[in-house]
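Visitor: Could you take me through one part of this model up close? I'd like to hear about the largest nonpolar core and how the rest of the chain sits around that part.

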Amino acid sequence: MGLIGGGAIPRPGEVSLAHNGVLFLDELPEFPRNVLEVMRQPLEDGTVCIARAAMSLTFPARFMLAAAMNPCPCGFHNDRTRECHCTPPMIQRYISKISGPLLDRIDIHIDVPAVNYKEMRSTTEPESSARILERVIRAREIQLTRFASGREKLYCNAQMPPQSIRKFCELSADCERLIERAMAQQGLSARAHDRILKVARTIADLDGIPQLEPKHIAEAIQYRTLDRTFWA
Ligand SMILES: [Zn+2]
């Protein structure tokens, strides 16, 4: 039934099958643009509406979206070792398949450079997955406690509506200045602003720190790299 769902008698698509789970889309720009645009509704309100002449059905679609894309059609743009042969218009056409409004609805954008041989052979121990899992479980528990007494059914920071963001992401004057400057310099949208606060809240939870600090805000701002690339 495809990503969104459909058919003469509407059936759920992958966005609904991934409800309360993870939806991974590899090679994001390869998806037809109109399909990607329809993703905006579920990313915003956790539902997808399929309209037909006879009926219109709404399916649940609250999923964690993980998506991957190359920096250009050949994949080597900005690579430290291989040369990219794409022309600027080719790169522009490739990345512009992902619209600004869709990117706006994605919490974290990260550039993942290729790992070189020296890094691969490095003997320094990274934090183990088991340790990271412990931190994630602790951060999740903090969030469950945070929202336990609320009237809305919230389970994690990502679900916070604007009034909860104001309540649980209180900003010191330093934090306020930092985010104001980033908004002005990077031309971030109001939606990106809210996402930065929610991600910063989660970074602080992973650290086990109740009050947001400038370093949490600064890290969350770092995760808007595609806003900068596309909107600059
Ligand atoms: Zn290229």
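Guide: Of the 17 residues in the largest nonpolar core, the ones touching the most other members are I179, I196, A200, L212, I217 and A220. A nonpolar core here is a set of buried Ala, Val, Leu, Ile, Met, Phe, Trp, Tyr and Cys residues joined through C-beta atoms within 7 Å. Buried means 20 or more other C-beta atoms within 10 Å of the residue's own, exposed means 12 or fewer, and partly exposed is in between, with C-beta atoms placed from the backbone. One caveat before going on: this is a predicted model, so local features need pLDDT of at least 70 and side-chain atom pairs count only at pLDDT 80 or more, while totals for chains, interfaces and linings use all residues. Numbering runs from 1 along each chain as its sequence is written.

Back to the core: α9 (173-186), α10 (190-207) and α11 (214-222) are the elements that give two or more residues to it, and α10 supplies the largest share, seven residues. Helices (H or I, at least four residues) and strands (E, at least two) are DSSP runs numbered from the N terminus. Take I217: skipping neighbours within four places in sequence, I217 is in contact with C175, L178, I179, I196, A200 and L212. Contact means that the C-beta atoms, placed from the backbone, lie within 7 Å.

Apart from this core lies another one, of seven residues, including V15, V48, I50 and F63. V15 is found in helix α1 (residues 14-17), and V15 counts as buried because 26 other C-beta atoms lie within 10 Å. Leaving out neighbours within four places, V15 is in contact with L3, I4, L23, P42, V48, A61 and F63. As for L3, it is 12 residues from V15 in sequence and 5.8 Å away in space, C-alpha to C-alpha.

Now for the domains. The assignment, automatic or from a database, gives domain 1 (5-106) and domain 2 (129-231). Their C-alpha centres lie 23 Å apart, and five residues of domain 1 are in contact with seven of domain 2. On the domain 1 side, helix α5 (residues 100-104) gives the most, with three residues.

Stepping back to the whole chain, there are 12 helices and six strands, and buried residues make up 21% of the 232 residues. Among contacts with a separation of 6 or more, 61% join residues 24 or more positions apart.

Methods: Contact = placed C-beta atoms within 7 Å.
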